[in-house]
Amino acid sequence: MSRRDVLKGTLGAIGLALTGRRAVAEGASSESAIERFVLPKSEWRKRLAPEAYAVLFEEGTERARTSPLEQEKRPGTFVCAACMLPLFESSTKFESGTGWPSFFRAIEGRVATKLDLKLILPRTEYHCARCGGHQGHVFDDGPPPTGLRYCNNGVALRFVPEGEPLPALVGS
Ligand SMILES: [Zn+2]
């Protein structure tokens, strides 16, 4: 085990502790009936491209207007790029003008949220309910019928056009 791994492990433990505190501070984190699929970050790092890993498991943010999925307009399903769980249907995608793929509704039970206090204004982070991979932040300035705007990192999603089979869930 290298010193870097030790450091990463320590930071991970601190992150977990903070996550727990945040969930308490928020009152409750959203629960989900999805069966969790948990892998160590080191394993995800091996399996994913570096830019996908940075967003999904280090809560990074891709640069705006860098994802081809922002302009994706075909009917289909957006699945978690880590574990392949379907998270969004194309019918809930809308043009937000932000430079990130945006949705007004997630498939029920497929994302979970937590309070993110990294910036001055608290934001609501959301992640795949199955693998925990970070997807983006949800805001309350979206269009009807929900008024929500799920602002998603494109690199954390994979698009499956209608008529093509959904990929098998990773680890199932
Ligand atoms: Zn996932």
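This is a short guided tour of a predicted model, with a suggestion at each stop for what to select next.

**Stop 1: the whole chain**

Start with the protein chain in cartoon view. You should find three helices and nine strands. Colour from the N terminus onward and the order of elements reads α-α-α-β-β-β-β-β-β-β-β-β. Now switch on a surface: the protein chain exposes about 9800 Å², and carbon and sulfur atoms supply 58% of that area. Of the 172 residues, 42% are buried. If you like contact maps, note that among contacts with a separation of 6 or more, 59% are between residues 24 or more positions apart.

**Stop 2: the zinc ion**

Next, select the zinc ion and show the side chains around it. Which protein atoms are its donors? They are the SG atoms of Cys80, Cys83, Cys128 and Cys131, lying 2.3 to 2.4 Å from the zinc ion. Check the angles among the four donor atoms and you will get 100 to 117°, a tetrahedral site. Along the chain, the donors follow the spacing C-x2-C-x44-C-x2-C. Are Cys128 and Cys131 buried or exposed? Cys128 has 0% relative accessibility and so counts as buried. Cys131 is buried as well, with a relative accessible area of 5%.

**Stop 3: strand E1 and its two neighbours**

Now select residues 76-80, which form strand E1. Five of its five residues are buried, so E1 is largely enclosed by the rest of the structure. Add residues 157-161 to the selection: this is strand E9, which runs antiparallel to E1 and is joined to it by five bridges. Then add residues 86-89, strand E2, also antiparallel to E1 and joined to it by three bridges. Thr77 is a handy marker here. Its bridge partner in E9 is Val160, while in E2 Thr77 stands opposite Glu89.

**Stop 4: the turn at Met84**

Follow the chain from E1 to E2. The hairpin has five residues between the strands, and Met84 is found in this loop. Select Met84 and look at its backbone: phi is positive, about 75°, although the residue is not a glycine. Most residues other than glycine have a negative phi. With a relative accessible area of 7%, Met84 is buried.

**Stop 5: Glu59**

For another positive phi, go to Glu59, in the loop between helix H3 (50-58) and E1. Its phi is about 55°, and Glu59 is not a glycine either. Glu59 is partly exposed, with a relative accessible area of 24%.

**Stop 6: Gln135**

Move to strand E7 (residues 134-139) and select Gln135. Despite its polar side chain, what is its relative accessibility? The value is 0%, so Gln135 counts as buried. Show Asn152 too: a polar contact of 2.9 Å joins the side chains of Gln135 and Asn152. Expand the selection around Gln135 and you will find further residues that it touches, including Leu56, Leu87, Tyr126 and Leu157. Two of the zinc donors, Cys80 and Cys128, are also among the residues touched by Gln135.

**Stop 7: the cis peptide bond**

Finish at Pro144 and Pro145. A cis peptide bond joins them, with omega about 5°. Most peptide bonds are trans. To place this spot in the cartoon, look at the loop between E7 and strand E8 (149-152), where Pro145 is found.

Methods: Residues are numbered from 1 along each chain as its sequence is written. This is a predicted model: local features need pLDDT of at least 70, side-chain atom pairs count only at pLDDT 80 or more; totals for chains, interfaces and linings use all residues. Side-chain values use heavy atoms; hydrogens and water are left out. Donors are N, O and S atoms within 2.8 Å of the metal (3.2 Å for Na, K and Ca); water is not among the atoms, so sites may look incomplete. Four donors count as tetrahedral if all angles lie between 85 and 135 degrees; four count as square planar and six as octahedral if opposite donors are over 155 degrees apart and all others between 65 and 115; anything else is irregular. Buried means under 20% relative accessible area, exposed over 50%, partly exposed in between (1.4 Å probe, protein chains only). Helices (H or I, at least four residues) and strands (E, at least two) are DSSP runs, numbered from the N terminus. Contact means heavy atoms within 4.5 Å. Accessible areas come from the Shrake-Rupley method with a 1.4 Å probe; for residues, only the protein chains shown count as cover. Two strands pair if DSSP finds at least two bridges between them. A polar contact is a pair of N or O atoms within 3.5 Å; within protein, one must be able to donate a hydrogen and the other to accept it, and residues adjacent in sequence count only if both atoms are side-chain atoms. Lists of a residue's contacts leave out its neighbours within four places in sequence.
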